[in-house]
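Please read the report below alongside the sequence and the coordinates. It is written for a reader who wants to follow two chains from their overall make-up to their contacts.

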Amino acid sequence: MTPDRPGPDPRRPDRPGSDPRRPDQPGLDARLVVDRGGFRLDIALTAAPGEVVALLGPNGAGKTTALRALAGLEPLTGGHLRLDGAALDRTPPESRPVGVVFQDYLLFPHLSALDNVAFGPRCRGASKVEARKQAAAWLDRMGLADHADARPRRLSGGQAQRVALARALATRPRLLLLDEPLAALDARTRLEVRAGLRRHLAEFEAVAVLVTHDPLDAMVLADRLVVVEHGRVVQEGTPGDIARHPRTDYIARLVGLNLYRGRADGHTVRLDAGPSITTTEELRGPVFVAFPPGAVTLYGKRPAGASARNLWHCEVAGLETHGDQIRADLTGELPLAADLTTVAAAELGLHPGTPVWATVKATQTHAYPA
Amino acid sequence: MSGPRGGARTAPLPLLLPAVAGLAFLLLPLIALLVRTPWSTLPDQLTSTEVWQALRLSLLCATSATVLSLVVGVPLAWLLARTDFPGRGLVRALVTLPLVLPPVVGGVALLLAFGRNGVVGQWLDAWFGITIPFTTTGVVLAETFVAMPFLVISVEGTLRAADPRYEEAAATLGASRFTAFRRVTLPLIAPGVAAGAVLAWARALGEFGATITFAGNFPGRTQTMPLAVYLALQNDPAAAIALSLVLLAVSIAVLAGLRDRWMTAS
């Protein structure tokens, strides 16, 4: 994120129209600062109408706190929150044009699916008949017309997720928040629900922010990812960008890359961690180098005649199956992950503690400025 | 639920003997009541005007006291469970005080507050001509004083166990805190409220000390079942037994009503 982005002084109380540049700028413009007993969340978040932004990060990074702050369930210690030009910092949650799909949906167990969805319109002033009519239309859109009378406990995980989405959308929010929208589902339902959710989010005309620790969910559902670690934004960009150019170990692990930081001098990158890597890119200054575990070749003995470039002496720290491959976790000269076939692993007689030589071709590494 | 269920292991005697003695002690009086019941004259006893008068008054007052407890006790429980204010611990202690206070003391305290010359009572009398002690209203107040803590404690416990995030979900849908309470929280805690109400009702039905102190013992006006039992014991023991039997039946009915909630709990 760009902390020096020109904008309203965060120390000044926000008033609608206090931004001298674009007083009625549609969409979300927020800097969320929440101090809570030793943990500090401080992230800037902007999004245009129609955009789906995913907050991606490990557990405890502050994603859910950010979502709760956007919804008004967690008071801001500082920063600002503006939606379609109107300041919301001091607005109580019930008066914000914000809809939330909670992680475990929190459908009201004593109300039918229809009345769950009608709850919002009813609270916002619609008559009982009108609210139910709207709710029925939403359920119909979600393909749940047959389940209108069902209590939440009789719904499957996927159905409950759609009812929760319908309930949040029925208030016609200008900001839709989804907290781990697929986390409560089993793997099979997830696939199907993810596709449905993607369709509904694409149709949604206002800003949608979703929180997830699952990179696949984030990449499928969001137009833009904001990676949060330790309460701060560490990287931001399109899913493709982030997958190709991870800037932290967390993201590299998520997208399955070995990632190192170092200083480039031409084709050689001296890593902060020790050895050097030869790359195809010619760069100078601080860089990241990344390569996939599949690009690594392992040898039991030092390969004869091989050049000493990108050859490291390591030791197997752990092994696990990864799809139809074996992933070896290596420590030593260069800590890295390597993928190899089950046969290759058997031939090398790999087990924790086995010494190995690892190489990677320069053409399979990828360096980019840090 | 917890621990292995081994049928083979027998309870050690130092535990078993006192346990059986305790059980016998609890059951014996009830058995004695049934043994000595004058079953042949029972129908006559139960259909006498005095009995019906006392029973009707008891049911009326206990129900009124329960309703009153619900109206003020549920919000009080919500305040204790869901808000944070200075001195909340003290307030909770004060709310539970009537649970341990001898009811007679409660009656005396009520007299000092609502009696003709009481702190509040003198103004009620002077301004509105309202006298509370030694009236049916007095009975209801005395029973409410003693019974409401049961309801408050029960509802507060249920509220604490209920997921407050449902209220947050309601808020994001546009519900004010009161709407969220009325339309979401209350339905969710309804079983706990019902249990608390039954408990309070049973306590109100058996109330004796505070009632006789604050409201006196006037047949048809303030003489509830427990007072009638006490009075009958002096001059007509058979009637006292019959009345006691009725109260026992009501208690068993209450227990049966709560069976699912408590008898099977943990």
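What follows is a report on a predicted model, taking chain B, then chain A, and then the place where they touch.

**Chain B**

The secondary structure of chain B comes to 13 helices and zero strands, and its C-alpha atoms fill a box of roughly 70 × 65 × 30 Å when that box is taken along the principal axes. The UniProt record, an unreviewed entry, places the feature "transmembrane region" at residues 12–35, 55–81, 93–114, 126–155, 184–202 and 238–258 of chain B. The record also places "domain: ABC transmembrane type-1", again from an unreviewed entry, at residues 55–256 of chain B. The table gives the computed make-up of that domain span and of two of the transmembrane spans.

| Span | Helix | Strand | Distance between end C-alpha atoms |
|---|---|---|---|
| Residues 55–256 of chain B | 80% | 0% | 20 Å |
| Residues 184–202 of chain B | 100% | 0% | 28 Å |
| Residues 238–258 of chain B | 95% | 0% | 31 Å |

One helix pair in chain B can be followed in detail. Helix 3 (residues 49–82) of chain B packs with helix 9 of chain B at an angle of about 140 degrees, the axes being 9 Å apart, and the two helices are therefore oblique to each other. Their crossing is right-handed. On the side of helix 3 of chain B the contact residues include B:Cys61, B:Ala65, B:Leu70 and B:Trp78, while helix 9 of chain B contributes, among others, B:Phe181, B:Val193, B:Trp201 and B:Leu205. Sorted by class, this contact of helix 3 with helix 9 of chain B has 13 nonpolar and four polar residues, with no charged residues.

**Chain A**

For chain A, the UniProt record (unreviewed entry) places "domain: ABC transporter" at residues 25–255. That span of chain A is 36% helix and 25% strand, and its end C-alpha atoms lie 34 Å apart.

Chain A is also divided into domain 1 (28–107 + 155–252) and domain 2 (256–369), whose C-alpha centres lie 35 Å apart. Where these domains touch, five residues of domain 1 of chain A are in contact with six residues of domain 2 of chain A, and the domain 1 side has two nonpolar, one polar and two charged residues.

Chain A offers a helix pair of its own. The axes of helix 2 (residues 113–123) and helix 4 (residues 157–169) of chain A come within 7 Å and cross at roughly 25 degrees, which makes helix 2 of chain A roughly parallel to helix 4 of chain A. Helix 2 of chain A passes helix 4 of chain A in a right-handed crossing. From helix 2 of chain A, A:Ala113, A:Asn116, A:Val117, A:Phe119 and A:Gly120 meet A:Val163, A:Ala166 and A:Arg167 of helix 4 of chain A. The residues of this contact divide into five nonpolar, two polar and one charged.

**Where the chains touch**

Which elements of chain B give two or more residues to the side that touches chain A? In the contact as a whole, 14 residues of chain B are in contact with 17 residues of chain A, and the elements of chain B that give two or more residues to its side are helix 8 (165–172) and helix 9 (177–205). Helix 8 of chain B supplies the largest share of that side, six residues. By class, the chain B side that touches chain A is made up of eight nonpolar, four polar and two charged residues. Helix 9 of chain B thus appears in this account twice, as an element that gives residues to the side touching chain A and as the partner of helix 3 of chain B.

Key:
Residues are numbered from 1 along each chain as its sequence is written. Chains are lettered from A and ligands numbered from 1 in the order in which they are written. This is a predicted model: local features need pLDDT of at least 70, side-chain atom pairs count only at pLDDT 80 or more; totals for chains, interfaces and linings use all residues. Axes are lines fitted to C-alpha atoms, for helices over the stretch in contact, and angles run from 0 to 180 degrees between N-to-C directions. Helices (H or I, at least four residues) and strands (E, at least two) are DSSP runs, numbered from the N terminus. Angles under 35 degrees count as roughly parallel, over 145 as roughly antiparallel, 65 to 115 as roughly perpendicular and the rest as oblique. A crossing is left-handed if the near helix is turned anticlockwise from the far one by less than a right angle, and right-handed if clockwise. Two residues are in contact if their C-beta atoms, placed from the backbone, lie within 7 Å. Ala, Val, Leu, Ile, Met, Phe, Trp, Tyr, Cys and Pro count as nonpolar, Asp, Glu, Lys and Arg as charged, and the others, Gly among them, as polar. UniProt positions are given in the numbering used here, feature names are shortened, and annotations may be inferred rather than shown by experiment. Domain bounds come from an automatic or database domain assignment.
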